[in-house]
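Hi,

Here is the structure I said I would pass on. Have a look at it first, and my notes on what turned up are below.

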Amino acid sequence: PPHGMHAYCDATWNNEIDRYGIIILYRGAAVFFETKKVIGVNSSSTENEGIAGMRCSERVRTCLDIAENLEGRAHEGPVLIGCDNSATVGIVNGIASPGRIKHILRRFKVIQQRVQKSEIKLYHVPDEDNPADFLTKWTSKAKVDASVAYLSGTRSLGSNTAEHTA
């Protein structure tokens, strides 16, 4: 795993209880994880993924502050955040039209501002390579085992994870 900080986020939509999950890794191991219920009724998976991305970028900012205080220097480059919703990634990075989601653009604006300040960089990671996936829904034992191994720093994931994208 990479030595810098990187993160993953995921969310469910149209389930009995929608959830989002966040994992932040630093120096090859998980240092923060969170799974929470999405409050309110949202109109799309992209909206819930936007909530996950916004919360993830907030938690990354806090982890950056802690790391910078402990190490006495700023983190080099933006923190990569993997998201398995390509619409969310496209909107945040300005390469997709927001179309029918204009009512939720404020959430995306927060993430866009963090991208513009080079604090983070949001990229697409396929669902099967997203270690935050098991925080939001039932997954196979093999997927959970692979995610835990990656989060503990003992094994890498697929070709689209942060160490391959960076």
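Before the pocket, a word on terms: a pocket here is an open set of grid points where there is protein on both sides within 12 Å along at least five of seven lines. Its volume is the space filled by probe spheres set on the points. Keep in mind that this is a predicted model.

With that in hand, the largest pocket comes to about 180 Å³. Its lining is made up of Thr 12, Asn 15, Ile 17, Arg 19, Phe 134, Thr 136, Lys 137, Trp 138, Thr 139 and Val 144. Sorted by character, that lining gives four nonpolar, four polar and two charged residues. If you want to look at the spot yourself, Trp 138 and Arg 19 are among the lining residues to select.

Now the overall layout. The protein has five helices and five strands, and read from the N terminus the order is β-β-β-α-β-α-α-β-α-α. There are 166 residues, of which 46% count as buried. The accessible surface is about 8600 Å², and carbon and sulfur atoms account for 53% of that. On contacts: taking those between residues at least 6 apart in sequence, 65% join residues at least 24 apart.

Next, the aromatics. How many aromatic pairs does the structure hold? Just one. The ring centres of Tyr 8 and Tyr 150 are 6.0 Å apart with the planes at 75°, and since anything over 60 degrees counts as edge-to-face, that is what this pair is. It also links distant parts of the chain: Tyr 8 belongs to strand β1 (residues 5-11) and Tyr 150 to helix α4 (residues 141-151), with the two positions 142 residues apart. Are the two partners buried or exposed? Tyr 8 is buried, at a relative accessible area of 0%, and Tyr 150 is buried as well, also at 0%.

Staying with α4, its buried residues are Lys 143, Ala 146, Ser 147, Ala 149, Tyr 150 and Leu 151. An α-helix has 3.6 residues a turn, so residues three or four places apart point the same way. In that list you will find Lys 143, Ala 146 and Tyr 150, if you fancy checking the spacing by eye. After the helix comes Gly 153, with a positive phi near 85°.

Two other residues have a positive phi without being glycine, and you may want to check their backbones:

- Arg 27 has a phi of about 55° and is found in the loop between β2 (19-26) and β3 (29-37). Its relative accessibility is 52%, so Arg 27 counts as exposed, the cut-off being over 50%.
- Ser 118 has a phi near 60° and lies in the loop between α3 (105-116) and β5 (120-124). With a relative accessible area of 45%, Ser 118 is partly exposed.

One last residue for your list is Ile 91, which is placed in helix α2 (residues 86-92). Ile 91 is buried, at a relative accessible area of 7%, because buried means under 20%. Its C-alpha atom is separated by 9.0 Å from that of Leu 105, a residue 14 positions away along the chain.

That's the lot from me. Shout if anything looks odd on your side.

Cheers

How values were computed
Residues numbered from 1 in each chain as written. Predicted model: local features only at pLDDT ≥ 70, side-chain atom pairs only at ≥ 80, totals over all residues. Heavy atoms only, no water. Phe/Tyr/Trp six-rings, centres within 6.5 Å; stacked < 30°, edge-to-face > 60°. Helix = DSSP H or I, 4+ residues; strand = E, 2+ residues; numbered from the N terminus. Buried < 20%, exposed > 50% of the residue type's maximum accessible area, 1.4 Å probe, protein only. 1 Å grid on protein atoms, 1.4 Å probe; cavity = no way out; pocket = protein on both sides within 12 Å on 5 of 7 lines; lining within 4 Å. Nonpolar A, V, L, I, M, F, W, Y, C, P; charged D, E, K, R; others polar. Contact = heavy atoms within 4.5 Å. Areas by Shrake-Rupley, 256 points an atom, 1.4 Å probe, with all protein chains shown as cover.
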